[in-house]
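Colleague: I am new to this structure and would like to go through it with you step by step. Could you take my questions in turn?

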Amino acid sequence: MLPPGFRNFLLLASSLLFAGLSAVPQSFSPSLRSWPGAACRLSRAESERRCRAPGQPPGAALCHGRGRCDCGVCICHVTEPGMFFGPLCECHEWVCETYDGSTCAGTCHCGRCKCDNSDGSGLVYGKFCECDDRECIDDETEEICGGHGKCYCGNCYCKAGWHGDKCEFQCDITPWESKRRCTSPDGKICSNRGTCVCGECTCHDVDPTGDWGDIHGDTCECDERDCRAVYDRYSDDFCSGHGQCNCGRCDCKAGWYGKKCEHPQSCTLSPEESIRKCQGSSDLPCSGRGKCECGKCTCYPPGDRRVYGKTCECDDRRCEDLDGVVCGGHGTCSCGRCICERGWFGKLCQHPRKCNMTEEQSKNLCESADGILCSGKGSCHCGKCICSAEEWYISGEFCDCDDRDCDKHDGLICTGNGICSCGNCECWDGWNGNACEIWLGSEYP
């Protein structure tokens, strides 16, 4: 018979052993067999359940397909060039996928990249630890993107009004003005072909030679690739060799037509006779407002009834101001000239003949910043400057603008496709370019 103290010791040891075994994981082998070689105390279904990844249904791969299941315990394979490990053989020392030629920018552990964020910043991340937002920290302010943007995978995306690799530069114009300057005629920012920075578009296309790229224009609206039958950036085969590429659209030579001047045109007139018929009394074919084909003019823009005539000599758009009001609302337009109602006069019928102010009041309103009446180039009527008719090129609120400063094309100011406003061309719908020489409408004759 055992002494009472020794019996108590055995009871304590047994309880400790039972508690310790109950805390051992299910896959711990010694608790599942009485001795090596003995029968498994688990059913086959229970044994396989313990060898499957959590959540996997019956019949799924055991031990991740990298080992065998022995009584609820995974015995992992050992293969070259490494080995599998982990309770369910889920880890492998070389299973990290490659990214940009390297296995992992951090430490490969159990098939996953462990990023180096020892400082706890969390700035290095990504499946391959390929993103390092420390690249976005401004050296001077030590802030992410200078505090003026957000960083994604090492690149700064600046708030409106800021630019630079780390958003360190501020624009000298408002975000709204920047957007307006970058908006192409079709309403898209940089025609969806570039990036807007402080009101200027940087087109995505850059010619390898450093010359003018295939995509260009103030708002990246021109794509020269559209002029080629088969695109090859090193080929000069524009417009099938029968025309000139103008902002991605082909202007065909006489005798050819088609989107890329690919079709020959039958015409009984010689090119000289055709142009002569299209000129009429103008110095330019179709008055510079249309396209001459076999002696007949097709006026620009197609379908716009404001431009008409046998040689497109009538342009009623000239009767409109910048807001589109015809003859100031005080007259009618006839072949590009305003016929004013009684009591009104001026090129656009913008001046009333009657005046309800004194001469002194009128002159005060006509003085320019330098104190000169109408800049010395016009007369004052009812507080409005009437610029000299002899100097046709003088315009502006105080006759301080010279329309000769506006760009020309084919000898015409603003190519006849816009209004010269104080030295800058304000193009009509469908036209673009410094001289309104580029047609960007949806239909092209």
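Colleague: Over residues 278–312, what are the shares of helix and strand, and how far apart are the end C-alpha atoms?

Modeller: Please keep in mind that this is a predicted model. The UniProt annotation "domain: Epidermal growth factor-like", from an unreviewed entry, includes residues 278–312 among the ranges it covers. Over those residues the chain is 6% helix and 29% strand, with the end C-alpha atoms 9 Å apart.

Colleague: What is the strand content over residues 136–167?

Modeller: Residues 136–167 are another of the ranges covered by that UniProt annotation. The end C-alpha atoms of this range are 9 Å apart, and the chain there is 0% helix, while its strand content is 31%.

Colleague: In the hairpin of strand 18 and strand 19, which residue in the turn has a positive phi?

Modeller: Strand 18, residues 243–246, and strand 19, residues 249–252, pair in the antiparallel sense over four bridges. Within this pairing, cysteine 245 has cysteine 250 of strand 19 as its bridge partner. Two residues lie between the strands, and the one in the turn with a positive phi, of about 55 degrees, is cysteine 247.

Colleague: Which residue of strand 2 stands opposite arginine 68?

Modeller: Strand 1, residues 67–70, is joined to strand 2, residues 73–76, by four bridges, and the two run antiparallel. Their hairpin has two residues between the strands, and cysteine 71 takes a positive phi near 55 degrees. Opposite arginine 68, in strand 2, stands isoleucine 75.

Colleague: Which residue of strand 27 is the bridge partner of cysteine 333?

Modeller: Strand 26, residues 331–334, pairs with strand 27 in the antiparallel sense over four bridges. In the hairpin they form there are two residues between the strands, and cysteine 335 takes a positive phi near 50 degrees. The bridge partner of cysteine 333 in strand 27 is cysteine 338.

Colleague: How many nonpolar, polar and charged residues are in the lining of the largest pocket?

Modeller: The largest pocket holds about 2000 Å³ of space. Of the 49 residues lining this pocket, the closest to its centre are Lys347, Leu348, Ser395, Asp403 and Ile419. Strand 27 and helix 5 (359–366) are among the elements that each supply at least two residues of the lining. By class, the lining has 23 nonpolar, 12 polar and 14 charged residues.

Colleague: Which residue lies over the face of tyrosine 393?

Modeller: The structure holds zero aromatic pairs. A charge, however, does sit over the ring of tyrosine 393: at 3.5 Å from the ring centre, the residue over its face is arginine 404.

Key: Residues numbered from 1 in each chain as written. Predicted model: local features only at pLDDT ≥ 70, side-chain atom pairs only at ≥ 80, totals over all residues. Heavy atoms only, no water. UniProt positions renumbered as here; feature names shortened; annotations may be inferred. 1 Å grid on protein atoms, 1.4 Å probe; cavity = no way out; pocket = protein on both sides within 12 Å on 5 of 7 lines; lining within 4 Å. Points joined across faces, edges and corners; volume = space filled by probe spheres on them. Nonpolar A, V, L, I, M, F, W, Y, C, P; charged D, E, K, R; others polar. Phe/Tyr/Trp six-rings, centres within 6.5 Å; stacked < 30°, edge-to-face > 60°. Lys NZ or Arg CZ within 6 Å of the ring centre and 35° of its normal. Pairing = 2+ DSSP bridges.
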